[in-house]
Structure formats: structure tokens, C-alpha cells
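Student: Got a minute to go through this model with me? I'd like to start with the aromatics and then move on to the sheet and the cores.

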Amino acid sequence: MISISLVLFLLGILGILVLNTKKVADHFKEQIALTVFLKDTAKEVEIDQLEKSLALADYTKSTRFISKEDAAKQHSEEIGENFMDFLGYNPLQNSIDVFFNADYVSETQIAEISRDLSQKDFVDDVVYDKPLIALLNDNVKRISFWILVVSGIFLFIAVLLINSSIRLSVYSKRFTIKTMQMVGATKGFIRRPFIWKSVRLGVIGAILALGGMAAVLYYVNQSFPELNLLADRNLLIALFAAVFLIGIIISWISTFFATQRFLNLQTDELYY
């Protein structure tokens, strides 16, 4: 029971990681900003129209207007002194930070958006971190691929571990199985109590694993609320149900084949 619960717990945690890989990647993508620097000659109505059009665009998650005064104050706090005292004027510009929806964070799409914004007469420059976007997209693809590979390997290992545990349990009863068979018990009659016992252990192990998964999920969600891991409840319910069913199905199949093996052995083969 303990071995089943531990294996299912680790399998479930990996499943949670797989389901939330895209959500975590999207969270980091949505932190990347494109900054639109505005000319000093830009009229207030032009700035308002641009900010509203950006806010309503499909690719925009949020926008933030930063006046040249706020930018100067922030810059002074960062360097620890008021640079305008030396210059005698404020060289910074009004700007709008645009944060994108994750699906639009790609080199081609952001480059196209940047070109469109640069064509406006009152826009002085458009700046974004192009190398970071390329690096982030490449790493997301690489990490997603290896998570899927590891998930497949771990699922295979989980099946082997549960199967081995059940086969050892049935192996210890091999003489009882053969004795029942010799007095006329049918294979189905002999197999039934072993299967029911393994299924019960699978159910208990799955429940313990689900409890551990729920505790870890709650803790991570409390520690990183911005990821909003509990938002998609249907996927989580499906994952929990899958782990529960895997515990039952593997236990049932492993017990069936393990008992079948010993039922087909000759008496002198039980000692090997």
C-alpha cells in the first residue's frame, strides 16, 4: 500500500507539473513589456487614443502609462541621487509599457506590432528585449519536450514498481494457490480474493496519494498565487480521477497476470 501510494503520489505531482507547464511559461511571457517612447510634441489626446487602442487590442494583457516626471523619480531612486540637478532639465520621455498576452509573445508578432507603432508621427521609439523573447521561447519548447519525455518514463517506472510489489505479494502465496488448485478450486475462484485485496490496496494507496497531491497543490498555490493553479478545476479533477483509476487498474492487471502465472506452474516449479 505504501509503495503504491508513493508511486502514485510522485506520478500525480509530475502530472500537475505537466498540466501547469504552459501556465508557468505564460506567466513569464506576460512579464515581458514593449515600451513605446513618445515625443515631447505628442498631444494629450493622441496619447489617450494610443493608450486606449493598445488596451483594446487582442494582443494586449495590460498597459501602463509612465510620465517623464514619474520616470525621472524612479530613475533617481534607482541611482540614489537626483540626476536632474546636474543636467538642469529632464531628458526622459513619456512612455507606455505594453504587456502582451502569452500567445502573442513571439519574435515575428512583436516585431510586426513594433513596426506598426513606430509609424505613428508622435512615437519617437519602440523598445523591447528581443534576445530575451527568443531565449524564453526556445527554453519553453525545450523544457516542455523533456517534461513529456520524463513523464512517459516515469509512468513506465510506476507500472513496473507497482507490478513488482504485487507480484512479490502473490509469490509469497504460491503454495496456497497450488494447494487450492489441487483440491479442485477453479482459477477464477482462486484469483478473485487476490484481485479484490490488490484493488483495495490500490484504492487506499490512491486516496493517500491524492491527499498528498492536494496538500502540495494547496501549498504551492498559496506560495505563488500569481500562477492561479486552482483556476482550471476540471483539469485538476480529471488528473485526480486519472491517478485514482491508474492505481486500481494497475493493481488489478498486475494481480491477474501474477496469479495466472502461478496457476499455470507445475508443482515442482514452485521452488524456483
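**Rings, strands and cores**

Tutor: Sure, and keep in mind that this is a predicted model. To begin with one residue, tyrosine 59 counts as buried, because its relative accessibility is 18% and the cut-off is under 20%.

Student: OK, and how many aromatic pairs does the structure hold?

Tutor: There are five aromatic pairs. In one of them, the ring centres of tyrosine 59 and tyrosine 104 are 6.3 Å apart and the planes sit at 65°, so the pair is edge-to-face.

Student: Where do tyrosine 59 and tyrosine 104 lie?

Tutor: Tyrosine 59 is in the loop between helix H2 (44–56) and strand E2 (60–66), while tyrosine 104 is in the loop between strand E3 (95–100) and helix H5 (107–118). The pair therefore ties together parts that are 45 residues apart in sequence. Tyrosine 104 is partly exposed, at a relative accessible area of 27%.

Student: Which residues form one aromatic cluster with Tyr59?

Tutor: Phe100 and Tyr104 join Tyr59 in that cluster.

Student: And what about tryptophan 252 and phenylalanine 256, how are they arranged?

Tutor: They make a stacked pair, 5.6 Å centre to centre with 15° between the planes. Both are in helix H9 (residues 233–263), and because they are four residues apart, about one helical turn separates them. Tryptophan 252 is partly exposed at 41% relative accessibility, and phenylalanine 256 is partly exposed too, with a relative accessible area of 25%.

Student: Switching to the sheet. What's the strand order?

Tutor: It's an open sheet of four strands, ordered E2-E3-E1-E4, with antiparallel pairing. E2 and strand E4 (123–127) are the edge strands, each pairing on one side only. From one strand to the next, the twist averages 20°.

Student: How many bridges join E1 to E3?

Tutor: Five bridges join strand E1 (residues 33–38) to E3, and the two run antiparallel. Valine 36 has isoleucine 96 in E3 as its bridge partner, and phenylalanine 37 stands opposite serine 95 in E3.

Student: And E2 with E3, over how many bridges do they pair?

Tutor: Six bridges, again in the antiparallel sense. Serine 62, for instance, has phenylalanine 99 in E3 as its bridge partner.

Student: Why is E3 largely enclosed by the rest of the structure?

Tutor: Because six of its six residues are buried. Ser95, Asp97 and Phe99 point one way from E3, and Ile96, Val98 and Phe100 point the other way.

Student: Which helix packs on the sheet?

Tutor: H5 does, touching E1, E3 and E4, and its direction makes about 170° with that of E4.

Student: Last topic, the cores. Which residues touch the most other members in the largest nonpolar core?

Tutor: That core has 27 residues, and the ones touching the most other members are Leu8, Ile162, Val170, Ile177, Ile190, Met213 and Val243. Helix H1 (2–29), helix H6 (130–171), helix H8 (187–223) and H9 each supply at least two of its residues, with H9 giving the most, eight residues.

Student: What is isoleucine 162 in contact with, leaving aside its neighbours within four places in sequence?

Tutor: Its contacts are Ile4, Val7, Leu8, Ile250 and Ser251.

Student: And which residues does the second core include?

Tutor: That one is separate and has 24 residues, among them Ala25, Ile47, Phe100 and Leu117. You've met Phe100 already, in the aromatic cluster with Tyr59 and Tyr104.

Notes
Residues are numbered from 1 along each chain as its sequence is written. This is a predicted model: local features need pLDDT of at least 70, side-chain atom pairs count only at pLDDT 80 or more; totals for chains, interfaces and linings use all residues. Side-chain values use heavy atoms; hydrogens and water are left out. Rings of Phe, Tyr and Trp (its six-membered ring) pair if their centres lie within 6.5 Å; planes under 30 degrees apart count as stacked, over 60 as edge-to-face and the rest as tilted. Buried means under 20% relative accessible area, exposed over 50%, partly exposed in between (1.4 Å probe, protein chains only). A nonpolar core is a set of buried Ala, Val, Leu, Ile, Met, Phe, Trp, Tyr and Cys residues joined through side-chain atoms within 4.5 Å. Contact means heavy atoms within 4.5 Å. Two strands pair if DSSP finds at least two bridges between them. Axes are lines fitted to C-alpha atoms, for helices over the stretch in contact, and angles run from 0 to 180 degrees between N-to-C directions.
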